[in-house]
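Q: I am new to this structure and would like to learn how to read its features one at a time. Could we take them in turn, with the general idea before the case at hand?

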Amino acid sequence: MRLNKLPTNNKINHFMATWGSKVLLSLWLVCTCFFSYMYSYPLDPWSNLHFAEAGTDIIPAMWVFNWQLTHLDSGDFEQLFTGNAFYPLEESVLFSVNLLSTAFLSVPLYWVTGDFFLCYRVSIFCSFVLCSVGMLLLSRQLKLGVLASIIASLVFAFSEYRLLSSYANLAAMQ
């Protein structure tokens with residue numbers, strides 16, 4: 001009777017290459033979601049923070065986001081860039097932060113919930129995740145290894161520049 005041969009080094013290397021990359025990618029996904037929650041807190045989607053408790057730094061950005069989101073929802077595209085931020089000027093929203101593409105991506109959630117502040121918080125959380133996914137895909141496309149791609153995606157998504165303000169998070173998503 002012949003016994004089965006032990007696996008050769010090629011089989012072990014192939015096994016470690018396929019399962020090792022799956023484990024690393026799973027670890028990357030867990031780290032990305034955890035860091036996204038930690039870095040977006042208290043503006044994460046799961047906190048009970050209300051608009052009045054958010055702080056004064058984000059109020060102009062949230063006002064523009066709400067203005068553009070409600071006009072995209074109602075289909076009133078002529079009034080999309082008009083606003084009363086600087087009263088005598090008619091198109092004063094153009095002088096503020098540009099969150100039109102973020103508002104455009106948040107319209108389906110606004111249709112479901114009707115809460116612009118929840119849409120804003122989900123957008124901030126998703127900006128971290130999307131930046132991490134985008135850098136991971138870019139670095140894999142550039143033929144970097146799995147570990148190098150994971151490190152690049154985590155460094156890009158959670159860099160110091162993106163942590164300075166919520167607007168930087170949303171601008172990076174655009």
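Q: Let me begin with a single residue: is Ser 26 buried, partly exposed or exposed?
A: This is a predicted model, and each statement here is to be read in that light. The relative accessible area of a residue is compared with two cut-offs, buried being under 20% and exposed over 50%. Ser 26 has a relative accessible area of 44%, and therefore counts as partly exposed. Ser 26 belongs to helix α1, and its side chain reaches the backbone oxygen of Lys 22 at 2.9 Å.

Q: Stepping back to the whole chain, how many helices and strands does the secondary structure come to?
A: A useful habit is to list the elements in order before turning to any one of them. Here the secondary structure comes to seven helices and zero strands, and reading along the sequence gives the pattern α-α-α-α-α-α-α. Of the 174 residues in the chain, 32% are buried. The accessible surface of the chain comes to about 11300 Å², and 66% of that surface belongs to carbon and sulfur atoms.

Q: What share of the contacts between residues at least 6 apart in sequence join residues at least 24 apart?
A: Contacts can be sorted by how far apart their partners stand in the sequence. In this chain, among contacts between residues at least 6 apart, 65% join residues at least 24 apart. One pair that can be followed in space is Met 62 and Val 97, which are 35 residues apart in sequence, with their C-alpha atoms 9.5 Å apart. Met 62 has its place in helix α2, and with a relative accessible area of 1% it is buried.

Q: Which residues have the most contacts inside the largest nonpolar core?
A: The general idea is that in soluble globular proteins nonpolar side chains tend to be buried together. In this model the largest nonpolar core has 20 residues, and those with the most contacts inside it are Phe 65, Leu 69 and Tyr 120. Helices α2 (59–74), α3 (100–113) and α4 each supply at least two residues of this core, and α4 gives the most, with seven residues. Once its neighbours within four places in sequence are left aside, Phe 65 is in contact with several residues, including Leu 99, Ala 103, Ser 106, Tyr 120 and Ser 123.

Q: Ser 123 appears in that list, so where does Ser 123 lie, and which side chain does its own side chain meet in a polar contact?
A: For a polar residue it helps to look at its surroundings and its polar partners together. Ser 123 lies in helix α4 (residues 116–141), and its relative accessible area of 5% makes it buried. The side chain of Ser 123 makes a polar contact with the side chain of Ser 106 at 2.8 Å, and the Ser 123 side chain also reaches the backbone oxygen of Cys 119 at 2.8 Å.

Q: Which residues are in contact with Ser 149, leaving aside its neighbours within four places in sequence?
A: The contacts are Leu 136, Ser 139, Arg 140 and Leu 144. With Ser 139 there is also a polar contact between the two side chains, at 3.1 Å. Ser 149 has its place in helix α5 (residues 146–157), and at 0% relative accessibility it counts as buried.

Q: Turning to the surface, which residues make the nonpolar patch of about 750 Å²?
A: A patch is read as a group of residues rather than as a single one. This patch is made by Phe 34, Phe 35, Tyr 37, Met 38, Tyr 39, Tyr 41 and Trp 46. Tyr 37 lies in helix α1 (residues 9–40) and is partly exposed at 30%, whereas Trp 46 is found in the loop between α1 and α2 and is exposed, with a relative accessible area of 57%. Not counting residues up to four places away in sequence, Trp 46 touches Tyr 37 and Phe 125. The C-alpha atoms of Trp 46 and Leu 118, which are 72 residues apart along the chain, are separated by 9.2 Å.

Q: Finally, what is the value of phi of Lys 143?
A: Most residues other than glycine have a negative phi. For Lys 143, however, phi is near 70°, a positive value. Lys 143 lies in the loop between α4 and α5, and it is exposed, with a relative accessible area of 72%.

Notes:
Residues are numbered from 1 along each chain as its sequence is written. This is a predicted model: local features need pLDDT of at least 70, side-chain atom pairs count only at pLDDT 80 or more; totals for chains, interfaces and linings use all residues. Side-chain values use heavy atoms; hydrogens and water are left out. Patches are made of residues with over 30% relative accessible area and no salt bridge: like charges are joined within 9 Å, nonpolar side chains (Val, Leu, Ile, Met, Phe, Trp, Tyr) within 5 Å. Accessible areas come from the Shrake-Rupley method with a 1.4 Å probe; for residues, only the protein chains shown count as cover. A salt bridge is a side-chain nitrogen of Lys or Arg within 4 Å of a carboxyl oxygen of Asp or Glu. Helices (H or I, at least four residues) and strands (E, at least two) are DSSP runs, numbered from the N terminus. Buried means under 20% relative accessible area, exposed over 50%, partly exposed in between (1.4 Å probe, protein chains only). A polar contact is a pair of N or O atoms within 3.5 Å; within protein, one must be able to donate a hydrogen and the other to accept it, and residues adjacent in sequence count only if both atoms are side-chain atoms. A nonpolar core is a set of buried Ala, Val, Leu, Ile, Met, Phe, Trp, Tyr and Cys residues joined through side-chain atoms within 4.5 Å. Contact means heavy atoms within 4.5 Å.
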